[in-house]
Every structure is written in C-alpha cells, then in structure tokens.
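Please look over the model below with its charged side chains in mind. The report that comes after it concerns confidence and salt bridges.

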Amino acid sequence: MDTTKVIHQAKLNSWADLIREQQASSMNVTKFCEAHSISKSQFYYWRRRITEQFVESQLPDIIPISPPIPE
C-alpha cells in the first residue's frame, strides 16, 4: 500500500471516530462541529466518503453481463 493510501485510510479512520462520537452524543451536527472546531461541510464530506467506502467494501465485485449475440 502506498503512502497516499495509508494517509487516506488514516483520515477515514479518524473521521469515522468523530462521526461515531457525534452519533453517540446528544449534540446535533452543528453543535458538535462547533465544539470540535470543524466545519459542517468537512463533517458531511467525510461522512459521505466513509459511507461510500463501507458500501464499496460490502458489495461483491460486479461482473458485467453482455447480452446474447444474435445468430
């Protein structure tokens, strides 16, 4: 795994922790972001990236099926 991928994975892990912390707290996203000095756009960006990463890891590889060749 190259350095860029390692750094990206570390960021994903760090943000996943923050997102879990927000979900477990009684604060809404706005208050949580203010308390942690992060922007809401950063929070939502990383939440979307983490969700996409999770979905990709759970889906099996999709094998395209080509239509039958007419005879």
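The text that follows takes up the confidence of the model, then its salt bridges, and then the exposure of the residues that form them.

The structure is a predicted model, and the protein has an average pLDDT of 86, with 89% of the residues scoring at least 70. Confidence is highest in helix α2 (residues 29–35), where the mean is 96, and lowest in helix α3 (residues 40–58), where the mean is 87. Where pLDDT is low, the predicted coordinates should not be read in detail.

Side chains of opposite charge can pair when their charged atoms come close. In this protein the count comes to two salt bridges. One of them joins the side chains of Arg-20 and Asp-17, with an N to O distance of 2.5 Å; both residues belong to helix α1 (residues 3–24), where they are three residues apart, about one turn of the helix. Another joins the side chains of Arg-48 and Glu-52, at 4.0 Å from N to O, and here both residues lie in helix α3, four residues apart, which is again about one turn of the helix.

The relative accessible areas of the four residues are set out in the table.

| Residue | Relative accessible area |
|---|---|
| Arg-20 | 49% |
| Asp-17 | 45% |
| Arg-48 | 46% |
| Glu-52 | 38% |

Because partly exposed covers the range between under 20% and over 50%, Arg-20 at 49% falls in that class, as does Asp-17 at 45%. In the helix α3 pair, Arg-48 is likewise partly exposed at 46%, and Glu-52 is partly exposed at 38%.

How values were computed. Residues numbered from 1 in each chain as written. Predicted model: local features only at pLDDT ≥ 70, side-chain atom pairs only at ≥ 80, totals over all residues. Heavy atoms only, no water. pLDDT = per-residue confidence, 0-100. Helix = DSSP H or I, 4+ residues; strand = E, 2+ residues; numbered from the N terminus. Buried < 20%, exposed > 50% of the residue type's maximum accessible area, 1.4 Å probe, protein only.
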